[in-house]
Protein chains: 2
Amino acid sequence: MAKRVLVTGLNGFIGRHARAPLEARGFDVIGVGRGEPPEDVRGKIAWRHADLLLPGAAKALIDSVRPTHLLHFAWYAEHQKYWRSPQNTAWVRATLELVQAFHDAQGARCVLAGSCAEYDWRHELLSEYATPRIPHTPFGRSKNALFEALDAYAEVSGLSYAWGRIFFVYGPAEHPGRLVAHVIRKLLRGERAATSPGTQRRDFTHVEDIAAAFAALLDSAVAGPINIASGEARPVRDIIELAGELAGRPELLDIGALPLPPTEPACLAADVRRMREELGYQPRIGLREGLARVIDSYRASPA
Amino acid sequence: MAKRVLVTGLNGFIGRHARAPLEARGFDVIGVGRGEPPEDVRGKIAWRHADLLLPGAAKALIDSVRPTHLLHFAWYAEHQKYWRSPQNTAWVRATLELVQAFHDAQGARCVLAGSCAEYDWRHELLSEYATPRIPHTPFGRSKNALFEALDAYAEVSGLSYAWGRIFFVYGPAEHPGRLVAHVIRKLLRGERAATSPGTQRRDFTHVEDIAAAFAALLDSAVAGPINIASGEARPVRDIIELAGELAGRPELLDIGALPLPPTEPACLAADVRRMREELGYQPRIGLREGLARVIDSYRASPA
């Protein structure tokens, strides 16, 4: 059977890395978005224009494309603002319309992007089935609401689906306000990079590994929630220091100059046993190599 | 300001009792449904035809009616089947479309029907903020998902909303497969009424009290989740015995002839402090009077 995947958010931070691993697995890739396709895929993949937030648009799109597979990354992702935006609710609704239309049109398999923000962050090791889902932000609550609705839907409809919970991601072309991008850009400009003490432990994964894991997940029969992360929660300080070393400007780091907000959890670690054992996926880009690639990308095209 | 309420599910078991208390509070009532309005309100209230499950229909309806208030009872309610139907997911989506369109059109206040099935039924006293929301059925999970999405939406959008969690309801014209209707109809036909031992404790509330509480809730500023129930959890056996006495045929009862399914919780009691103290509502129809009314309704029009 020809595998024909509709990918939403293909022009986003993670989505733009999904085409290569999907094509390597034999998928025909069809992108969708409000605007033009990203430059690097223009003319190389099929592209549909649609605003999925308009009620009825998702159903019309599915009925026209008739994909066998659906990979849904699209969401409201404006840096910082996404934590508390009503747009989260619009995406819950639009995603439900998309998935129901997909299933009604005999779609075979869909995979969606969830978030570690669905978990109760008072826990340090976040596991798919053991950790309570008590999110504390409107973004996390919206993702959790969507997960709850979809998981119940899959149970009664027979939909084959998985929900990849993304932890902390870094990579080329990320928003300059995000930690890794911020620090590296400062260093490469020869500016002082002020950070928190970085004592908090986080699981940072390179964006290409995230995208490749989603492609593997789509191509599998793994069902339900699954953490997508490196499996290694390190003190953020280590990441900052490694970035300083690799950029050749460790002396510009001013670690501890900024306070750590009191609401920041001490540790958010991903339990990745499902990913390793059931999906059989193992991220390939270590932190040293991943950070080096980010530095190279900024050196190649300073923004 | 004129109060103009759009009511969904006005032709349903609870909704049909909502018109009177809403009008008593000065609301202009507009009903909506796929079919004709219920006979008793035909020609007496404004009525719109719409299938809210069609993507885009809810938004079109809101933009045309421009209600100041929204009271949303509509849901998939087919007896027994509703516990495990994919239609629950369709209603999550349709409700999100409805509420977002309502808020976008400057609607002032909306109230929606939740369910005690959202709670973790391993607890006996179910409280809005203390009891975990860990539902065990697709219906309960869908209602819980909708609540989570809406509560997060209200937090960031400023929507004034309340979510009335309904417990066990009885009254005239309920589905004949439901406990109270089943027992009373058997007794009035002179047939043996076989039931479980009835040791499980449940909060049963008369449908008119439920509808009146929702009208009060719509007319208030109480926000978020609120249990709507009598506040009295009795052994189901008491209800059955009272029905036997009031119907004048206690000898037809065969209590204990049927097993209680092992999955039935021993007790599901509603914490109604919010309803009593914050909403200031107190149900008025006691069980004796309520059951007598049901018996009268069947005697008046045996089905």
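User: How should I read the interface here: what area is buried between chain B and chain A, and what share do carbon and sulfur atoms give?

Analyst: Glad you started there. Buried area is the accessible area that two parts lose on being put together, summed over both. In this predicted model, about 2500 Å² is buried between chain B and chain A, and carbon and sulfur atoms give 61% of that. On the chain B side, B:R141, B:E148 and B:V156 lose the most area to chain A, together 25% of what that side buries.

User: How many residues of each chain are in contact?

Analyst: The contact involves 29 residues of chain B and 29 residues of chain A.

User: And how many salt bridges and polar contacts should I look for between the chains?

Analyst: For a salt bridge, look for a Lys or Arg side-chain nitrogen within 4 Å of a carboxyl oxygen of Asp or Glu. Seven are counted between chain B and chain A. One of the salt bridges pairs B:R141 with A:E148, with the closest N and O atoms 3.2 Å apart. There are also eight residue pairs in polar contact between the two chains, both residues being at pLDDT 80 or more. As for where this surface comes from, α3 (87–104) and α4 (138–157) of chain B each supply at least two residues of the side that touches chain A. The largest share, 14 residues, belongs to α4(B). By type, that side of chain B divides into 13 nonpolar, seven polar and nine charged residues.

User: Which rotation and shift superpose chain B on chain A?

Analyst: The general idea is that two copies of a chain are related by a rotation about an axis and a shift along it. Here a rotation of 180° with 0.0 Å of shift along the axis superposes chain B on chain A, at an RMSD of 0.0 Å. The two copies are therefore related as by a two-fold rotation axis. In chain B, the C-alpha nearest that axis belongs to B:A145, 2.1 Å from it. The same surface serves both copies, since 100% of the contact residues of chain B recur in chain A.

User: Let me zoom in on a residue of α4. Is A:S142 buried or exposed?

Analyst: The cut-off for buried is under 20% relative accessible area. A:S142 has 2% relative accessibility, so this serine counts as buried. A:S142 is found in helix α4 of chain A, residues 138–157. Leaving aside its neighbours within four places in sequence, A:S142 is in contact with A:W75, A:N88, A:T89 and A:V92, and with B:A152 from chain B.

User: Where is B:S230 found, and which residue does its side chain meet in a polar contact with another side chain?

Analyst: B:S230 is found in the loop between β11 (224–228) and β12 (233–235) of chain B. Because its relative accessibility is 17%, B:S230 counts as buried. Its side chain makes a polar contact with the side chain of B:D203 at 2.8 Å, and also reaches the backbone nitrogen of B:E232 at 3.0 Å. Not counting residues up to four places away in sequence, B:S230 touches B:D203, B:F204, B:T205, B:R276 and B:P283.

User: One backbone matter to finish: which phi does A:R66 have?

Analyst: A:R66 has a positive phi of about 50°, although it is not a glycine. A:R66 is found in the loop between α2 (57–65) and β4 (69–72) of chain A, and is partly exposed, with a relative accessible area of 43%. B:A173, likewise not a glycine, has a positive phi of about 65°. B:A173 is found in the loop between β8 (168–170) and α5 (179–188) of chain B.

Methods. Residues are numbered from 1 along each chain as its sequence is written. Chains are lettered from A and ligands numbered from 1 in the order in which they are written. This is a predicted model: local features need pLDDT of at least 70, side-chain atom pairs count only at pLDDT 80 or more; totals for chains, interfaces and linings use all residues. Side-chain values use heavy atoms; hydrogens and water are left out. Contact means heavy atoms within 4.5 Å. Buried area is the accessible area (1.4 Å probe) that two parts lose on being put together, summed over both. A polar contact is a pair of N or O atoms within 3.5 Å; within protein, one must be able to donate a hydrogen and the other to accept it, and residues adjacent in sequence count only if both atoms are side-chain atoms. Helices (H or I, at least four residues) and strands (E, at least two) are DSSP runs, numbered from the N terminus. Ala, Val, Leu, Ile, Met, Phe, Trp, Tyr, Cys and Pro count as nonpolar, Asp, Glu, Lys and Arg as charged, and the others, Gly among them, as polar. Buried means under 20% relative accessible area, exposed over 50%, partly exposed in between (1.4 Å probe, protein chains only). Copies are superposed by least squares on the C-alpha atoms of residues with pLDDT of at least 70 in both.
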